[in-house]
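Please open the model in a viewer and keep the sequence panel visible. The tour proceeds by selection, one element at a time.

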Amino acid sequence: MTEAVIVSAVRTPIGTSYKGTLREMLSEELATLVVGEAVKRSGLNPEDFGDIILAESTAGGGDIARYAAVANGMIQVPGQAVQRWCAGSLTSIGNAAAQIRSGMETAVIAGGTHSYSTNPTITSRFPNGEEKTGMRPSFPYYETDEFGKATDDVIVNVGFNIAKDRGITREEQDAWAFRSHQRAIAAIDAGQFDDEIVAVQARLEGEIVNFAVDEHPRRGGSLEKLGTLKPIREIDGFTVTAGNSSGVNDAASALAIVSDELAAQRGLTPLARIRAWGAVGVQPHLTGVGGVDAIPLVLKRAGLSVSDVDLWEINEAFASVPIAAVKELGIDEDKVNPWGSGCSLGHPISASGGRMVATLAHELKRRGGGIAVASMCAAGGQGGAVVIEAV
């Protein structure tokens, strides 16, 4: 069967929403930048690509992939929007690989874009007559645990629910988050992300700023300081804090995925090949479990076991998620998120999966071999994962 290989993988630096460097940049602008750069670095021509598939969420609807195609002069390339919340860009990568492996396409751009800072707001009218303005998720709330239904806090409860269900303590979550920041800062200082980042000429208060380094990781923090943070919900026993949760962030990611035949014909050197992908559904109040359950699914599809995997990116929507995966699946935690993740680098919802796969693909190329898995939970009781292997 035709193989799907990654020939370029890029992302913007990750900005901190509302107060960071990308706060005035639209999702479609970030998408346009990374799509254009992914095409440029691929070694192919714009007309070689048959489709662009980008994840987007809480953006009010639309088709940013088509916007990016037209903005890059790729008029002949259609665009497809994917919505699977946090796992959206993992799904877009899987969809692109499926098109290529089926022989329907030979080159596709896949990724995702997200700007909390500039997302539109909507006013919703509920059956009880209440009106609310904000970024209302397009899935029903099922939060009915002992803390009661809490519409505004459903996502926060998800982080606590998996911790409570799997016996994960506040101390474990804080320790994981602190290490995430340490690893992210070390990675930035070592230039770990230089090959994947495309700088943004960002508008900011009437000036143009060259933005090239992730700005969310905190320097000078301490485990003791994390331990002093109040839980996000003022309820006895609640263990989720702003410190052991992911950030609220802006970024975009894009990968050029092509058939191995096309790569060979054009003399391209792939970063990695895509071996398997998949998504799962779980109880919505235990959404964090989705980031765990998706892993056995894709490993089975790839014909692999946990011990075969050299690197893992398990998104830290909450620190409790990768902790649960390590405990339940017997994963060596030293191989998990070695350069930080959501708690430190941040979690620009629809762009995160593409960022994770880009980071893993570049590292596998540097190592000259290996297998990596990216996995994450997704709002509404979902999870997704992708397996890649060095070529």
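The stops below take in a strand, several helix contacts and two single residues.

Before selecting anything, note that this is a predicted model, in which local features need pLDDT of at least 70, side-chain atom pairs count only at pLDDT 80 or more, and totals for chains, interfaces and linings use all residues. Residues are numbered from 1 along each chain as its sequence is written, and side-chain values use heavy atoms, with hydrogens and water left out.

**Strand 1**

Select residues 4–11, which form strand 1; eight of its eight residues are buried. Helices (H or I, at least four residues) and strands (E, at least two) are DSSP runs numbered from the N terminus, and buried means under 20% relative accessible area, exposed over 50% and partly exposed in between, with a 1.4 Å probe and protein chains only. Add residues 249–259, strand 10, which pairs with strand 1 in the antiparallel sense over seven bridges; two strands pair if DSSP finds at least two bridges between them. Within this pairing, Ala 9 has Leu 255 as its bridge partner. Next add strand 11, residues 272–281, which runs antiparallel to strand 1 and is joined to it by two bridges. Here the bridge partner of Ile 6 is Ala 272.

**Helix 1 and helix 2**

Move to residues 27–42, helix 1, which packs against helix 2 at an angle of about 55°, with the axes 9 Å apart. That angle makes helix 1 oblique to helix 2. Axes are lines fitted to C-alpha atoms, for helices over the stretch in contact, and angles run from 0 to 180 degrees between N-to-C directions; under 35 degrees counts as roughly parallel, over 145 as roughly antiparallel, 65 to 115 as roughly perpendicular and the rest as oblique. To see the contact (heavy atoms within 4.5 Å), display Ser 27, Glu 28, Ala 31, Thr 32 and Val 35 of helix 1 with Ile 64, Tyr 67, Ala 68 and Ala 71 of helix 2.

Stay in helix 2, residues 64–71, and select Ala 69. Is Ala 69 buried or exposed? Ala 69 counts as buried, at 0% relative accessibility. Leaving aside residues up to four places away in sequence, Ala 69 touches Ile 52, Met 74, Ile 75 and Val 77. A distance label from Ala 69 to Thr 32, C-alpha to C-alpha, should read 7.4 Å, although 37 residues separate them in sequence.

**Helix 9 and its two partners**

Select residues 320–329, helix 9, together with residues 290–302, helix 8; their axes come within 8 Å and cross at roughly 40°. Helix 8 and helix 9 are therefore oblique to each other. Gly 291, Val 292, Ile 295 and Pro 296 of helix 8 meet Val 321, Ala 324, Ala 325, Glu 328 and Leu 329 of helix 9.

Now replace helix 8 with helix 5, residues 170–189, whose axis comes within 9 Å of that of helix 9 and crosses it at roughly 105°. Helix 5 and helix 9 are therefore roughly perpendicular to each other. Glu 172, Gln 173 and Trp 176 of helix 5 make this contact with Ser 320, Pro 322, Ile 323, Val 326 and Lys 327 of helix 9.

**Glu 363**

Finish in helix 10, residues 352–367, by selecting Glu 363. Glu 363 is buried, with a relative accessible area of 10%. Beyond residues up to four places away in sequence, Glu 363 touches Gln 192, Leu 311 and Trp 339.
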